[in-house]
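This report follows one strand pairing first, then turns to the nonpolar interior and the overall dimensions.

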Amino acid sequence: MSVTELPMSSRSLLIGLGLGLLTSCAGRADAPPVSAAADAATQASDPLIPRDVLFGNPDRARPSLSPDGSQISFIAPVDGVLNVWVGPTSDPGKARPVTQDSGRGIRFAQWNPSGDSVGYIQDRGGDENWHFYAVDIATGTSVDLTPIDGVQAQLVGTSDAQPHHALIGLNDRDPRFHDVYRVDLRTGERTLVLKNEEGFAAFIADESLTVRVASRSRPDGGTDYFVRKGKGKARRWEPLVSFDHDDALASTAFGLDRAGAVLYMADSRGRETPALVAYDLASGTSTILAEDPQVGPGAWISDPNTGRPMAVSFDHLRPRWEVLDDAIAPDLEVLSAALSGQFVVTSQTLDGQQWMVTEYRDDGPVHYSHYDRSTREVTPLFTDRAALEGLSLAPMHPVVIDARDGLPLVSYLSLPLGSDPDSDGRPNTPVPMVLKVHGGPWGRDSWGFDPSHQWLTNRGYAVLSVNFRGSTGFTKSFANAGDGEWAAKMHDDLLDAVDWAVSEGIAPRDKVAIMGTSYGGYATLVGLTFTPDVFACGVDIVGPSNLITLLASAPPYWASLRAMLSKRVGNPDTEQGQALLRERSPLGRVDQITKPLLIGQGANDPRVNKAEADQIVDAMTERDIPVTYVLYPDEGHGFARPPNRTSFFAITEAFLSGCLGGTYQPVGDDFEGATLQVPQGAEHVPGLPEALAAHNDGTAK
């Protein structure tokens, strides 16, 4: 469940701590065999795209400009493991690796304000006990800034006014809450600056690296914000703004302006969608900067001199930019004309004159460009997966599906090439379909390149991703409509989407699979236990099976989220709440499973404990119900290592072929380097016993 609240700051050391899978490129493999059950009319004329192209390491990804713009950093493989590279912005081909990770790989990195080092994060085996590192780009020396085992580090803030220091939160004193330390980015020396005795969940610092704003959960599942006033021993926390339960999912604070006088927030109080507002800390008044009647604010571009937002994006079916400062309008016009896809500005120089621009498309790799505001020149740099260039890839069609009670479900449909010759978003004849359910559940699906959509359409399946009620980013009523509706109305939305796809001639009634990660894995288990006749099979990746044990095993630093989880999922502290949690747990309905089930799990998952998979596998095995269980001892909440990803999707591909009849690519070398174990049910997936035997004795090809 992706519900970890992350700290926010006006100067971020790293671009987020999200755990999305990186995708990559590699050489083509020989065309694989076609399942006898596959409908030849739905198959694309091109060869299958190798899994390694979609799910392996990227060529180069997540580029970032140094503070003065002279250098660029990015993530790229070294001997098959992702590391940080640095080179001249004018010639990225001259970049060299500055880190030497040989294990899990570095996935997120960003320049430190001094410009002489890059910060990055790393955990161990997926345990999410993040360590922060800084690597000196001249010497290649990395310093672990938070060298404490079993402790999670959270970034609070960095600032170009204090270029050699950062504020980092550590839960070393109390595993439930993070104290704030001032850390020297060169030596790792740290000094306690705020002992978190108030139970705050997140902090925001100003440009002087002084903690100014903090947030804390309310008993009703809402969020209270506080501002720190006074100096020295006279400092105190005073109430700033409160979001009750109805507004808490939609409203949040982003960061302060350069002067530390204005807090920028998404605020849904008194309206259905959150507006981007400027909240004056001194007067307590707020000014609406931008709003949209259908969705809340997304990415925004700020003026580095003032910290004020200059443009903000809103994403309903597809993203759009809204200009807040006329000075930026010509720049957005130039980028819109030069780029064919949607774009965001992912980094900029301290003077704001150079931008790193990331361009997203639905049918191609991510493109990265350098933009010079002074000359209005756009210079393409590279793509993240060169092997995807020139391939025939499936477009993603935004659609709005009406739920049975009238709620609009923003969804995204992709179809196999060759099945939709007139490109109207409907195949000429129905094709097997995979319903792909997003995690969270407090997140959303969006338009753009999705490697899973491309993989599955390339194998002959339609793919439908649905923003069911409880998804965030839309209206607050839509998000709150998911309260207490796990395995109930949230699942009804998925069933309504299946009915829509069948009625539109997209999929046959008996050829629909359900697949998802985290909450999507839970939805898969719900589909096979609560509605066993709807889906042909299911793929559950790190999904909970027992809501009582899920909440009981939550990491201690989720303590601030307990009230929210109790309100939105079920209260484990009351008899009524426990009854609801038991009723909505797939584990209690194992006897209803009649369709094939594949489960993937990381042994070190701190969010959805390994016991969630073990429980349902054991229950099914005791009842002689077939199940295939794939376990990775060096993974957590999802599969970060490319060999593990490609090995699991190789198994998934053969599994889906067995129940839906699409094409599949033999395992080949895709088990090489993977740590997979299959404790149960290898015999239920075509070719898996043989592939495992070859992998285990070292003869895999």
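In this predicted model, His397 has Leu413 of strand β29 as its bridge partner. The pairing belongs to a longer arrangement, in which strand β28 (residues 396-402) and strand β29 (residues 408-414) run antiparallel and are joined by seven bridges. Five residues lie between the two strands of this hairpin, and Gly406 adopts a positive phi near 95 degrees there. Across the protein, 13 helices and 36 strands are assigned.

Nonpolar side chains in soluble globular proteins tend to be buried together. Here, the largest nonpolar core comprises 75 residues, and Leu435 and Leu464 have the most contacts inside it. When neighbours within four places in sequence are set aside, Leu435 touches Leu464, Val466, Leu494, Val498, Ala513, Ile514, Met515 and Phe535. Another core, lying apart from that one, has 43 residues, including Val630, Phe671, Leu676 and Leu692.

The global values are collected below.

| Property of the protein | Value |
|---|---|
| Span of the C-alpha trace along its principal axes | about 70 × 60 × 50 Å |
| Buried share of the 701 residues | 60% |
| Exposed area | about 25300 Å² |
| Share of the exposed area from carbon and sulfur atoms | 48% |

Because a compact globule with 701 residues would have a radius of gyration near 27 Å, the 25 Å found for the protein agrees with that expectation. Among contacts with a separation of 6 or more, 58% are between residues 24 or more positions apart.

Terms used: Residues numbered from 1 in each chain as written. Predicted model: local features only at pLDDT ≥ 70, side-chain atom pairs only at ≥ 80, totals over all residues. Heavy atoms only, no water. Core = buried A, V, L, I, M, F, W, Y, C linked by side-chain atoms within 4.5 Å. Buried < 20%, exposed > 50% of the residue type's maximum accessible area, 1.4 Å probe, protein only. Contact = heavy atoms within 4.5 Å. Pairing = 2+ DSSP bridges. Helix = DSSP H or I, 4+ residues; strand = E, 2+ residues; numbered from the N terminus. Rg over C-alpha atoms; globule rule 2.2 N^0.38 Å. Areas by Shrake-Rupley, 256 points an atom, 1.4 Å probe, with all protein chains shown as cover.
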